[in-house]
Amino acid sequence: MQGNTHIIGGITASLAFAQISNDNPLVLVGAGVIGALLPDICHGGSKIGRKLPIISKIVNTMFGHRSFTHSLLFLFLVGMLLHTFIPYKAISLGILLGMASHILLDMGTKKGVKLFFPVSISVRLPITTKTGSKAEKVVFMLLTILSVFFSYEIMIKLIQTV
């Protein structure tokens, strides 16, 4: 999936979680966007890879693309680091939600992800698409609609509390 699809995926996941959480939705969404980009640190051409080229090159050389940074192990390790060093729970949750949405979206590509890294089996969804395809544009549109819906729900809750 492309960067914009991952960003809207992180936003949607964060807003969906905000429906059942007392955490600040703006913090969740901001952190969700960061988390949605983080797994692609292994790809030099990604949005985050272009911002942090040296780190991206090192990670790609060590692991390749869509392996370690797209795994449950990476999600767990980042979660442990966040729990240890970030005192504000909404930031940690948003980053993890964004990362999970990224991994799930990349499971919808033909290549899939190495979800159980270091095991080298690729995991993908039953229905897959090519990155940048018309089907991805449909996914982007559906995620945008869901984000608007969840945003509306949050706005209504805020208005009712005033």
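Student: Buried means under 20% relative accessible area, exposed over 50% and partly exposed in between, with a 1.4 Å probe and protein chains only. Which residues of α6 are buried?

Tutor: The buried residues of α6 are A90, S92, G94, I95, G98, M99, S101, H102, I103, L105, D106 and M107. The model is predicted, so local features need pLDDT of at least 70 and side-chain atom pairs pLDDT 80 or more, while totals for chains, interfaces and linings use all residues. Residues are numbered from 1 along each chain as its sequence is written, and side-chain values use heavy atoms, without hydrogens and water.

Student: Where is α6, and how many residues has it?

Tutor: Helix α6 covers residues 89–107 and has 19 residues. Helices are DSSP runs (H or I, at least four residues), numbered from the N terminus.

Student: What do its buried residues pack against?

Tutor: Four helices: α1 (3–18), α2 (25–37), α5 (72–85) and α7 (134–161). Contact here means heavy atoms within 4.5 Å.

Student: On to pockets. What volume has the largest pocket?

Tutor: The largest pocket has about 310 Å³. Of the 16 residues lining this pocket, M1, L104, L105, L125 and V139 are the closest to its centre. A pocket is an open set of points on a 1 Å grid where a 1.4 Å probe fits, with protein on both sides within 12 Å along at least five of seven lines; lining residues have an atom within 4 Å of a point. Volume is the space filled by probe spheres set on the points.

Student: Which elements give two or more residues to that lining?

Tutor: They are α1, α6 and α7, with the largest share, 4 residues, coming from α6. L105 thus appears twice: it is a buried residue of α6 and one of the lining residues closest to the centre.

Student: How does that lining divide by class?

Tutor: There are 10 nonpolar, 6 polar and no charged residues. Ala, Val, Leu, Ile, Met, Phe, Trp, Tyr, Cys and Pro count as nonpolar, Asp, Glu, Lys and Arg as charged, and the others, Gly among them, as polar.

Student: And the second largest pocket, what space lies in it?

Tutor: About 210 Å³. Among its 16 lining residues, M1, G3, D40, H43 and S46 are closest to the centre. At least two lining residues each come from α1, α2, α3 (47–51) and α6, and α3 gives the most, 3 residues. The lining has 4 nonpolar, 7 polar and 5 charged residues.

Student: New topic: where is S120 found?

Tutor: S120 is in the loop between α6 and α7. S67 is 53 residues from S120 in sequence, yet their C-alpha atoms are 8.0 Å apart.

Student: Why does S120 count as exposed?

Tutor: S120 counts as exposed because its relative accessibility is 59%.

Terms used. The expected span of a helix is 1.5 Å times one less than its number of residues.
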